[in-house]
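Could you walk me through this protein, step by step, as if I were seeing it here for the very first time? I would like to follow how its parts meet.

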Amino acid sequence: MILQSSKSKEMITVNQNEMVVDEGLLHDIMLNSPSLHHLPQTTHYNYNYNYNPFDDTTVSWINDDVSSPSQSQLTSTALHLPPPPPPPPLIDHQQTELLLPTEQQQQVEEDSAIRLVHMLISCADSLQRGHVAHAASLIDAMQSLQRHVTTASAIGKVAAHFIGALTRRIFAPPLTDRHGGVGAVANDDGGVLYHHFYEACPYLKFAHFTANQAILEAFSGHSSVHVVDFHLAHGLQWPPLIQALALRPGGPPSLRITGIGPPSPDRRDALRETGIRLAELARSVNVRFAFRGVAASRLEDVEPWMLQVRQEEAVAINSVMQLHRLLGSDSGIDSVLGWIRRLNPKIVTVVEQEANHNQTGFLERFTEALHYYSAVFDSLEACPNEPDKSLAEMYLEREIGNVVCCEGPARVERHEPLAQWKARLEKSGFKCVGLGSNALRQASMLLSLFSAEGYCVEEKEGCLTLGWHGRPLIAASAWQPFPLTPDPHPHPHWLP
């Protein structure tokens, strides 16, 4: 089947197990994926919408006369810490630009940045030792030294965010309540910051596109498919998959999407609104579609019966940067992985930050976070300078605040590296499924659209990582459960 981009005259062949690879079309449906947002906010079609006391919603559209869609319808590198240099010259920072040559200004700024990094780590060490007064004195010294480092640079932004987080930890008790505010990174203002982070840099696009490729291949040959998304947000991940399924040889399958998300704070039913827009897109490409929203403040509050999985469906479980939020207690992650396995999905896609922010010791966690987010902010500098970037940095600032300021249930940003996730998933009865050459090629093409040197995609033991100057920053993997012993008693979450 031939597909043509609306912006590119190049045409390509799309086969059953490969997502779109034309650069123009990839730009249309990935980088401009607010194609979902460009859809009408209201619809002229009749949707079935049910609301029940468990705060889940169902939106569906079924076209009994499905025809194949026409072509017109588819339109800093980690920080190395040398010994701290001597203090910079005692010059009034307001007069620095007038008194110092450009080269000397740069040297002062570099020296000040290195000293800031050492002082940040010393402050974290003092807090771990219980020397709060000394840590507070270092805050004053860092704020003074920070004047020599421009906040337009990556290191200046990172230093400002970590100084701010340390200040909150010192002068306010560490947050331990899950609803304390700083911990609500994923629930920001209706997902506004998440959306801007998606637009500003390739990390979420890489996550979505890689997971979609694995899901598309797992659904091959199935006429009824069901995606369970652990973090629906604005549904940004699903337009490319819907369009790819519409082009499947032999016709598209019947698709159901169950989206999990937080309750709307302003009494809007955001899940339903996203479901309607996805249904509108599915209708435009003649894909039989149904949507169900499940509102839950925490993923561990979701019960498998709420998902209404049917025995005849091929099921995909999709988790993009969500499973680490269950690591505050062993029972949380074990319970969710247990019921995922009992659902017997065709594929489980997992994308997580390639970092280790779940150590018990505060100093080790702080130091790892400082190195990790320095690389992330450095990579952002290479992306086009767009309005999205400042809001994307706010999204990262909230993550930093949660890692540094929160303890107990309030600390939900408990990132762990791929090696630890592999060990945990294998122990829970899952086997790793290689993502394959298609996913690697598509991810490489995605990066080429950013025209930013320094980003790199690597394949390791069937998993893909996206990194910056050789340091992996996000890891994607796909899993299948080992067969379970047949249960003579049907599970209550299966529907007849």
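Helices α6 and α12 lie oblique to each other, because their axes cross at roughly 120°, an angle that falls outside the ranges for roughly parallel (under 35 degrees), roughly perpendicular (65 to 115) and roughly antiparallel (over 145). Keep in mind as you look that this is a predicted model. To find the pair, look for residues 192-200, which form α6, and residues 387-405, which form α12. Their axes come within 7 Å, and the crossing of α6 and α12 is left-handed. On the α6 side, the contact is made by Leu193, Tyr194, His196, Phe197, Glu199 and Ala200. Facing them from α12 are Asp388, Lys389, Leu391, Ala392, Met394, Tyr395, Leu396 and Arg398.

Now turn to another pair of helices, α7 (residues 203-218) and α14 (residues 436-448). Here the axes are 10 Å apart and the packing angle is about 155°. Since angles over 145 degrees count as roughly antiparallel, α7 and α14 are therefore roughly antiparallel to each other. The crossing of α7 and α14 is right-handed. From α7, the residues Lys205, Phe206, Phe209, Thr210, Gln213 and Glu217 take part, and they meet Asn438, Ala439, Gln442, Ala443 and Leu446 in α14.

Stay with α7 for a moment, as Ala214 is found in this helix. Is Ala214 buried or exposed? Its relative accessibility is 8%, so Ala214 counts as buried. Leaving aside neighbours within four places in sequence, Ala214 is in contact with Ile347, Thr349, Leu435 and Ala478. The chain also brings Ala214 and Val348 together in space: they are 134 residues apart along the chain, yet their C-alpha atoms are separated by 8.9 Å.

Next comes the interior. The largest nonpolar core has 103 residues, and those with the most contacts inside it are Phe162 and Leu166. Helix α11, which covers residues 362-381, gives the most to this core, with 11 residues. Both domain 1 (105-169) and domain 2 (186-479) contribute, each with at least three residues. For a closer view, pick out Leu166: not counting residues up to four places away in sequence, Leu166 touches Leu120, Cys123, Leu127, Ile139, Met142, Phe362, Phe366 and Val404. There is also a second, separate core of 27 residues, and among its members are Phe230, Ile317, Val336 and Ile340.

Helix α11 also holds Arg365. With a relative accessibility of 1%, Arg365 counts as buried, because buried means under 20%. Which residues does Arg365 touch, not counting those up to four places away in sequence? They are His357, Gln359, Thr360, Val403, Cys406, Glu407 and Arg411.

Finally, visit two loops. Asn344 sits in the loop between α10 (330-343) and β9 (347-353). Asn344 has a positive phi of about 55°, although this residue is not a glycine. Further along, His469 lies in the loop between β12 (463-468) and β13 (471-481). His469 is not a glycine either, and its phi is positive, at about 50°. At 47% relative accessibility, His469 counts as partly exposed.

Key. Residues are numbered from 1 along each chain as its sequence is written. This is a predicted model: local features need pLDDT of at least 70, side-chain atom pairs count only at pLDDT 80 or more; totals for chains, interfaces and linings use all residues. Side-chain values use heavy atoms; hydrogens and water are left out. A nonpolar core is a set of buried Ala, Val, Leu, Ile, Met, Phe, Trp, Tyr and Cys residues joined through side-chain atoms within 4.5 Å. Buried means under 20% relative accessible area, exposed over 50%, partly exposed in between (1.4 Å probe, protein chains only). Helices (H or I, at least four residues) and strands (E, at least two) are DSSP runs, numbered from the N terminus. Domain bounds come from an automatic or database domain assignment. Contact means heavy atoms within 4.5 Å. Axes are lines fitted to C-alpha atoms, for helices over the stretch in contact, and angles run from 0 to 180 degrees between N-to-C directions. A crossing is left-handed if the near helix is turned anticlockwise from the far one by less than a right angle, and right-handed if clockwise.
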